[in-house]
Amino acid sequence: MAGDQQQFFLKWNDFQSNMVTSFKHLRDEKSFTDVTLACDGQTCKAHKMVLSACSPYFKTLLEENPSKHPIIILKDVPFQHLSAILEFIYSGEVNVPQDQLNVFLKTAERLKVKGLTDPQHSNN
């Protein structure tokens, strides 16, 4: 008779904003980070799951090279761009100086960052 029971739909109204806030907090606190990104002699810590969800480039790279805590060296990526891309990935928005915009978007395209690239070019 369990099939006859009434079903209740439960919804977390501010789910998306809570997830964004939580991911940003985890990044700020460096909690549970499991990948290090390096460029220009500097490093940033991040989360494989977040990178994979936001970039087919990182998803493929991390799937093909399983490691507990990989270090990914990004050649020809300015650290300023990497920092801005991580800000975008974790919060959904970022400020970029006008004189850097075109170069920044080219970097984002190379890394196939969803939301910053043409989906036609970032299929994977």
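Is Thr33 buried or exposed? Thr33 is buried, with a relative accessible area of 17%. The legends below start from the whole chain and then move to single sites. The model is predicted.

**View 1. Overall fold of the protein chain.** Five helices and three strands make up the protein chain. Read from the N terminus, the order of elements is α-β-β-α-α-β-α-α. The protein chain is more spread out than a compact globule, because its radius of gyration is 18 Å, well over the 14 Å that the globule rule gives for 124 residues. The C-alpha trace spans about 65 × 35 × 30 Å along its principal axes. Residues 24 or more positions apart supply 57% of the contacts with a separation of 6 or more.

**View 2. Surface and charge of the protein chain.** The accessible surface is about 8,800 Å². Carbon and sulfur atoms hold 53% of that surface. Of the 124 residues, 32% count as buried. The protein chain carries 13 positive and 14 negative charges. The mean positions of these two sets are 5 Å apart.

**View 3. Helix α1 and the residue that follows.** Helix α1 covers residues 15–29, a run of 15 residues. From first C-alpha to last, α1 reaches 21 Å. That is close to the 21 Å expected at 1.5 Å a residue. Lys30 comes just after α1 and takes a positive phi of about 55°.

**View 4. Thr33 in the loop between α1 and β1.** Thr33 lies in the loop that joins α1 to β1 (35–39). Thr33 counts as buried because its relative accessible area, 17%, is under the 20% cut-off. Which residues are in contact with Thr33, leaving aside neighbours within four places in sequence? They are Lys45, Ala46, His47 and His69.

**View 5. Asp99 in the loop between α4 and α5.** Asp99 sits between α4 (79–91) and α5 (101–110), in the connecting loop. Asp99 counts as exposed because its relative accessibility of 65% is over the 50% cut-off. How far is the C-alpha atom of Asp99 from that of Pro70? The two C-alpha atoms are separated by 33 Å. Along the chain, Asp99 and Pro70 are 29 residues apart.

**View 6. Two loop residues side by side.** Thr33, in the loop between α1 and β1, is buried at 17%. Asp99, in the loop between α4 and α5, is exposed at 65%.

Definitions and conventions. Residues are numbered from 1 along each chain as its sequence is written. This is a predicted model: local features need pLDDT of at least 70, side-chain atom pairs count only at pLDDT 80 or more; totals for chains, interfaces and linings use all residues. Side-chain values use heavy atoms; hydrogens and water are left out. Helices (H or I, at least four residues) and strands (E, at least two) are DSSP runs, numbered from the N terminus. The radius of gyration is taken over C-alpha atoms; the globule rule is 2.2 Å times the number of residues to the power 0.38. Buried means under 20% relative accessible area, exposed over 50%, partly exposed in between (1.4 Å probe, protein chains only). Contact means heavy atoms within 4.5 Å. Accessible areas come from the Shrake-Rupley method with a 1.4 Å probe; for residues, only the protein chains shown count as cover. Lys and Arg count as positive and Asp and Glu as negative; His and the chain ends are not counted. The place of a charge is taken as NZ of Lys, CZ of Arg, CG of Asp or CD of Glu. The expected span of a helix is 1.5 Å times one less than its number of residues.
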